Amino acid sequence: MKFKPFSLFLLLVAGMVAAQTTPSSAAGSRTDGNKTAASSTLISLPPYLQNLTEAGVVVRWQTNRPVYSWVEFGTSPDTSAMQKVHRLKNGMAVANNLDHRMELSDLKPATTYYYRVCSREITLYQPYKKEFGVTEKSEVFAFQTVDPNQKSFSFIVFNDLHNGRALFDSLRQQLGNRPYDFVIFNGDCLTDLASAEAALPVIAHYNQGIEAASYPPVYIRGNHEIRGAYSQQVTDHFDWPGDKAFFAFTHGKTRFVILDCGEDKPDTTAVYYGLNDFSAFRQEQADWLQKEIRSDEFKKADFRVLVHHIPTYGLKRSLCLDLWKPALETAGFDLAINAHTHRHEVLLPEKTGFPYPVAIGGSSKWDDATVMHLTKTPEKIDIALLGGKNITPKTVTIPKKKR
Ligand SMILES: [Fe+2]
Ligand SMILES: [Fe+2]
């Protein structure tokens, strides 16, 4: 990987933190006036990157007690040369909280930055009196801002892990030392979650396995992220461009368009109790998609990759296809990456008549589970399919579409 000296180190540090703590946003109690006792490690969900671009990145982490937080960063790993950024809201430093989100902006493209997250425990928070406990600083991590001229890169796609941490570990092992710039979790990776206590250890585990402090995870919602009491909050842990579950971003002259089909049954299905309106949400995406495919970013891209959990093509019944078809059939996508069916297949247009190749990830069971490692060059995308007992590793080449 790009930051080889950090790789082993990061794994060790993340492993130590994960072993010592139980990530939970509910673990601490807020101090409005009463002192709280200081105890173990503050950082409960180690730092991870979100929304990495040419000019900025968001750093997220959690503590198990209320704190004041900041990030120290710079182009040198020397912490004495780093600048400090904290988050202000209406004139106040955001503090006395557990969930931390810092934006690093005005960064230079294609540049390696180093950073560490810092949290200072607040033990007393009164109008005219504040007291502080321990200060905890993470190790120094590195990341590279997006290079607008990068022509080749790699990325990884996991899907349908269904909270399976052991499954994730096995698939991660299959990847070995293959390089990657970012990792997509294409839905149903966080399943039917009841609480923060259920969700955050799973996120922490996935983050640790991919070194998310250096390589950003892109968490996409599947139908199972929509179920369970914590479905109302789980997406708060992710920073999506535009703050919606559908969005687009450019990496290495490739335009990634992320869509969200919502639930897998009609809104009127009894088990939804009238609380869903994915019909309107899908229509909103159909309208947005028309704008996206006319955008300069989309038109100028070498490759156009569509990613969403529930397939539109390759599924007998689709709640999205009729709405999205006009855009999907004219946009000139080179590839769609889907999930949900738990049956791995790559469907090529010459056999299917679909407007683009469709690569669907495998199951939540080790026998038929897959992970995709994709390498984009100016001429093609190679999809290396790796997986469990019944999966024969293979590489499928998707050539760039003639436009
Ligand atoms: Fe699934
Ligand atoms: Fe699914």
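This briefing covers the domains, one sheet and the main nonpolar core of the structure above. The model is predicted, with local features needing pLDDT of at least 70 and side-chain atom pairs counting only at pLDDT 80 or more, while totals for chains, interfaces and linings use all residues. Residues are numbered from 1 along each chain as its sequence is written, and chains are lettered from A and ligands numbered from 1 in the order in which they are written.

**Domains**
- The chain is assigned domain 1 (4–25 + 40–144) and domain 2 (153–399), with bounds that come from an automatic or database domain assignment.
- Between the C-alpha centres of domain 1 and domain 2 the distance is 28 Å.

**Sheet**
- Six strands form an open sheet in the order 12-11-10-19-20-21, with mixed pairing, where strands are DSSP runs of E of at least two residues, numbered from the N terminus, and two strands pair if DSSP finds at least two bridges between them.
- Strand 12 (217–220) and strand 21 (394–399) are the edge strands, each pairing on one side only.
- Strand 10 (residues 153–158) and strand 11 (residues 182–186) run parallel and are joined by four bridges, and F185 in strand 11 is the bridge partner of F158.

**Nonpolar core**
- The largest nonpolar core (buried Ala, Val, Leu, Ile, Met, Phe, Trp, Tyr and Cys residues joined through C-beta atoms within 7 Å; buried means 20 or more other C-beta atoms within 10 Å of the residue's own, with C-beta atoms placed from the backbone) has 98 residues, and those with the most contacts inside it are V59, F158, V183, F185, A199 and L335.
- This core lies between domain 1 and domain 2, because both give residues to it.
- Not counting residues up to four places away in sequence, A199 touches L190, L193, Y230 and V234, a contact being C-beta atoms, placed from the backbone, within 7 Å.

Technical notes. Buried ≥ 20, exposed ≤ 12 C-beta atoms within 10 Å, placed from the backbone. Contact = placed C-beta atoms within 7 Å.
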